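Got your viewer open? Load the model and get ready to click along, one selection at a time.

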Amino acid sequence: MKKLLAVFLFVVASMPLMANAETKIGIINFGEVMAKVPQKDAINQKLKKEFSGRENELKRLGEEIETARTEYINNVATMSESQATEKKRAIQQKMSDFQLKEAAFKEDVEKRSREEQIKLGNQIRTAVEAVAKKGGFNILLDRQSAPYIDASVPDVTDQVLAELSK
């Protein structure tokens, strides 16, 4: 409902522009752009490479904890009470360390992912502006935000994707 209201208000505010015979309006499917943007795979590979060392370390620590837990469970009956307590505390300490490292890892991945998304958003904005200027468009609307778009309104989605591929 809010989207529909926003589109309505935009159209009403744009009426003076639309009265001008030279106003050129186009549409763009941002959902398709985001799904097909060529830089997306490169960003994912970059982030994967950047964080693969820490991810492998977390996997290794998780396996160590699981091995220690299994060993503890299998041998607790033969351990003295002090040995059992010592082993249990060591496992708990490793689990705490693991949880802290995992939380920091997730936070860092999310932060870097947001940074890369901002860069990508800027690249998309630049590509949209370039296509709008080349095509002489005054307004480009997102296909998703308009309840109705006549088939005669040009769709520049492919042009934006081509601009992003440069």
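## First stop: what surrounds α6

Start by selecting helix α6 and look at what covers its buried residues: the list includes β1 (25–28), α3 (30–36), α4 and α5. Keep in mind as you go that this is a predicted model.

Now colour the buried residues of α6, namely T157, V160, L161, E163 and L164. Turn the view until you look straight down the helix axis. These buried residues fall within an arc of 160°, so they line one face of α6. Swing round to the other side of α6 and you'll meet D158 and S165, which are exposed.

## Zoom out for a moment

Show the whole chain as a cartoon. How many helices and strands does the secondary structure come to? The protein has six helices and two strands. Follow the chain along its sequence and you'll read off the pattern α-α-β-α-α-α-β-α. Of the protein's 166 residues, 24% count as buried. Take contacts between residues at least 6 apart in sequence: 84% of them join residues at least 24 apart.

## Two residues of α6

Go back to helix α6 and pick T157, which has its place there. Is T157 buried or exposed? The cut-off for buried is under 20% relative accessible area. T157 has a relative accessible area of 2%, so T157 is buried. Show its contacts, leaving out residues up to four places away in sequence, and T157 touches I27, I28, N29, E32 and V33.

Next, select L164, which is also in α6 (residues 157–165). L164 is buried, with a relative accessible area of 6%. Setting aside neighbours within four places in sequence, you'll find L164 in contact with V33, V37, P38, Q39, Q123, I124 and A127. Try the distance tool here: the C-alpha atoms of L164 and T126 are separated by 8.9 Å, yet these two are 38 residues apart along the chain.

One of the contacts of L164 is Q39, so click on that residue now. You'll find Q39 in helix α4. Its relative accessible area is 18%, and Q39 is buried. Not counting residues up to four places away in sequence, Q39 touches L120, Q123 and L164.

## Into the nonpolar core

Here's some background before the next selection. In soluble globular proteins, nonpolar side chains tend to be buried together.

Which members of the largest nonpolar core touch the most other members? Select I28, V33, I124, V156, V160 and L164: of the 22 residues in this core, they are the ones. Helices α4, α5 and α6 each supply at least two residues of the core. The largest share, eight residues, comes from α5.

Stay on I28 and show its contacts. Not counting residues up to four places away in sequence, I28 touches V33, V128, L141, D142, R143, D155, V156, T157 and V160.

## Along α5

Select helix α5 from end to end, residues 81–135. Here's a little calculation to try: at 1.5 Å a residue, its 55 residues should span 81 Å, and the end C-alpha atoms are 79 Å apart, which agrees. Then step past the end of the helix. α5 is followed by G136, whose phi is positive, near 70°.

## Rings to finish

How many aromatic pairs does a search of the whole structure find? The search finds one. Show F51 and F105 as sticks: their ring centres are 5.9 Å apart and their planes lie at 85°, so the pair is edge-to-face. This pair links distant parts of the chain, with F51 in helix α4 (residues 39–75) and F105 in helix α5, 54 residues apart. Check how covered each ring's residue is. F51 has a relative accessible area of 7% and is buried, and F105 counts as buried too, at 14%.

For your last click, bring up K24 and F137 together. The charged end of K24 sits over the ring of F137, 4.6 Å from the ring's centre.

Conventions: Residues numbered from 1 in each chain as written. Predicted model: local features only at pLDDT ≥ 70, side-chain atom pairs only at ≥ 80, totals over all residues. Heavy atoms only, no water. Helix = DSSP H or I, 4+ residues; strand = E, 2+ residues; numbered from the N terminus. Expected span 1.5 Å × (residues − 1). Phe/Tyr/Trp six-rings, centres within 6.5 Å; stacked < 30°, edge-to-face > 60°. Buried < 20%, exposed > 50% of the residue type's maximum accessible area, 1.4 Å probe, protein only. Lys NZ or Arg CZ within 6 Å of the ring centre and 35° of its normal. Contact = heavy atoms within 4.5 Å. Core = buried A, V, L, I, M, F, W, Y, C linked by side-chain atoms within 4.5 Å. Arc of directions from axis to C-beta.
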